[in-house]
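Trainee: I have not looked at this one before. Can we go through it by question and answer?

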Amino acid sequence: MMLQSDVVQFMAVGGGQAHNSNKEEGFSEATEQQEEMRRRQSEEGNPFTFSPQLLRLHRDHELFEDGDVLRHMYLQDLFISEAEEQPAPSVSEFACHISGCRVVFSTLDEYEHHYNSLHRHVCCSCRRSLPSARLLDIHIQEWHDSLFTILAQKQDMYLCLVEGCGEKFRTSQERKDHLIRVHKYPPDFRFDKNRKEKGTRETRREQRTDTAMEAADDVCRSEGVCEVMCSVQSNQLEQEDSMEAHASSEEAARIEDFSASAQTSEAGTEALKLKYTYRVPKTVCFGQGSVRGFRGQRGRRK
Amino acid sequence: MWRLNKVRHKAGGHANTLEELRLRRREKERALRQARRDRQLVSKRLLLNEDEEQDQMEITPGEQDVVSLFHTLQHSGTDKEAYLRTLSKALRNPSAQLTFIKLENSMHLLVGLLTSSDARCRLQAVRCLHELSHSPHTSMASACLPATPYLLTYLSGQSTKFTELCLYTLGNICPDSEVVKERLLAQGIIPALASCIQNQRHNLAVVEAAGFTLFQLLQTKDAVQKVIPMVLASSLPSQLLSVLTPDPEFGLAPAIECAWCLHSLTSSTVDHRELLAQGALTQCSSLLVSLGGAVVDGNTDQGVELLVCPLLRCVGNLLSSCPVEALSSQLADVHLVAALCELVFAFLHTFPALARETAWVLNNLTAHSTELCSALLTFNLAPRLMELLPFSQGINTMVLRVLANVAHKKKEFCFRLAELGLLSALAATLKMANQDMVTLSLEVLFMMIVSSPQIAEQFVRQGNSGTFPVTRSNTRTFNIK
């Protein structure tokens, strides 16, 4: 469906393009024709509206500002051709696009590390982020699967967290002991918190400045693997501590900003709406991070 | 003729250190930006005497001198030239300027001397007027009105220095006052400029000065309604175009002025048929091709950016009026695509704003022309363009638009782009902070995926699904089955 539309866009005079706060794109609204096209397409359910456009720039357009300044510096005998005086081109930042996460990165690698660490294996019932697919699976099973709960009363269901070990235990405490004794895990291993430790979690939460992620209190009904952070942002804060000193103040400011503004209902409800739309297979995921889980979990909030 | 200031150390005299100079420049730049935002961006030029160095403008305190000089001139019979010379130096001082014009009959005196039978007196008189025209006080412009018919008349003269001074004087005063501009238009400044350029075509200094004056005229308020139609009706457009020659002997400065005039014309008007008919697109684009080549080879004079910039803008805006069928006849050389691509890189670290403007022109070139999109692929420019995708401030969004233009044309192009690695480039751009980049990336991705199932597979196989986050704005759109 290659659309052929011959639209010429007239640029508004000057930089009056309201909805772009940065200097990047300041082009004015499309012509009627294009508006019409957009309307039609949104009716048909297709939001992709791109069509090649000739862009005419008026003399006073902000895109021309730098060149004009150059010209007048020349007229006033202040022009310097050497590169040292000119601003270097800036590189685009990357930003985490997960709803509610506003961290920005200067390199793709940083972004991917962030994403992989915090958003990749997210339980869609309680939005907890697990460090690996395996731990996520275990979490979902132990926390959100009623069948598991039932079976666990009669058999050893709690799987050892160490891959390859394969041992199973009747209770999560037994598993924890096993982890400590045999695998020399620390007693406070973050990815094996008891689900019932609500109290601890609450105090922990109070300590954090974020309240964005209202991870369900009532989701946890059975014992099991309880993983780390309730929220993306808390994660970030914790990580910040361990990160090198050069973590930019900008980033910190953004995080603070975020915690201040995080409670917008918009963010909250929209995030909720999106979570439960799909049951997606493991390999392909276009939800919030790689969110997996069951539909209609009990203990779902709201 | 204008020489470009290089950063240099002063031997003595006004020993501005390098740092002071830089500071001054930065302040000036800030002031210019603000002036532009206020739509008050106007500059004047001062033609220095032969014995003066460009950056050693001396401002001698000479208020009292001015009065006494004036009286002397009124009464002395001989040796007026010497006094005039002194007066012109004294008139460099802004307060002296004010003092002078307040003196009764001062302008009358100057005009008289301007028309004197002594040619040297004429020269010095016009020099005095020139100093006045360069004044920061806008009242100076109206004060100079009595001289304008003479200045215009002298444009058809043959002496270079004199004509230059007349031209720069006129150029300095016309943006300052509506009254002055109206008067000049009525007195025939446009035909005068046209014949001046025509007759002095061989004289670079005069052509440059005339170009500057026309540029100033085009910056005046209401230029669109009052000035531009007259200019387009005259022979000036073709004159301006004829100056745009890549002839290295001709020198950059006149071409720079004429190109900026053309930019003022193309960016203020919507109807470019006249200019297109006169071959403006052809001329500007072929000059861009040769300049582009020279820039890339590092084979240019300093300040070539000052010429490339207005040329880019002319081409960009002319393209927006040129019907796609006429494109191949208007564009002499399809290599323009390659030249522009290289220019983006050449400017990327030196003048990023120009890199962005170049990318804009590329967008206009590729928007509706399958032929040019095909050329882009043939010249193997797509991978080059993809290298630009990390650079912000409008560069990457514009470049992505260009790639989108290509993808939009044909399935085969999508396939080719996929082969060249566009999908992995998109995987990165989708994660950028800039919302426009993300939206545009989605659009391009959509076009690519829809064009062929293999591309869709390739995208999935690339493992992008795992790290493909979804923004709030696009979740509703993403529903790949």
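Trainee: Which residue with a positive phi follows H22(B)?
Mentor: This is a predicted model. In it, helix H22 of chain B covers residues 370–378. The residue to look at after H22(B) has a phi near 55°, and it is B:Asn380.

Trainee: Which residues of helix H22 of chain B are buried?
Mentor: A residue counts as buried when its relative accessible area is under 20%. In H22 of chain B, the residues that meet this are B:Leu372, B:Cys373, B:Ala375, B:Leu376 and B:Leu377.

Trainee: Which helices do the buried residues of H22(B) pack against?
Mentor: Packing here rests on contacts, with heavy atoms within 4.5 Å. The partners belong to chain B, and they are H19 (324–330), H20 (336–348), H21 (352–366), H23 (382–386), H24 (395–409) and H25 (411–419).

Trainee: How far apart are the closest N and O atoms of A:Glu112 and B:Lys431?
Mentor: A salt bridge needs the nitrogen within 4 Å of the carboxyl oxygen. A:Glu112 and B:Lys431 form such a bridge, and the closest N and O atoms are apart by 2.8 Å. This pair crosses between chains, from helix H3 of chain A to the loop between H26 and H27 of chain B, so the two residues to find are A:Glu112 and B:Lys431, at a distance of 2.8 Å.

Trainee: Is B:Lys431 buried or exposed?
Mentor: The cut-off for buried is under 20% relative accessible area. Its partner A:Glu112, at 24%, counts as partly exposed. B:Lys431 has 3% relative accessibility, so B:Lys431 counts as buried.

Trainee: How many residues apart are B:Arg120 and B:Glu81?
Mentor: Their side chains meet in a salt bridge of 3.6 Å, N to O. B:Arg120 lies in helix H6 and B:Glu81 in helix H3 of chain B, distant parts of the chain, and the separation in residues is 39.

Trainee: What relative accessibility does B:Glu387 have?
Mentor: B:Glu387 shares a salt bridge with B:Arg384, at 3.8 Å from N to O. B:Arg384 is partly exposed at 25%. B:Glu387 also counts as partly exposed, and its relative accessibility is 42%.

Trainee: How many salt bridges are there over all chains?
Mentor: Some of the residues are linked in a network, including A:Glu65, A:Asp66 and B:Arg356. Over all chains, the count of salt bridges is 31.

Trainee: What share of the residues in chain A is buried?
Mentor: Chain A has 10 helices and 11 strands. Of its 302 residues, the buried share is 48%.

Conventions: Residues are numbered from 1 along each chain as its sequence is written. Chains are lettered from A and ligands numbered from 1 in the order in which they are written. This is a predicted model: local features need pLDDT of at least 70, side-chain atom pairs count only at pLDDT 80 or more; totals for chains, interfaces and linings use all residues. Side-chain values use heavy atoms; hydrogens and water are left out. Buried means under 20% relative accessible area, exposed over 50%, partly exposed in between (1.4 Å probe, protein chains only). Helices (H or I, at least four residues) and strands (E, at least two) are DSSP runs, numbered from the N terminus.
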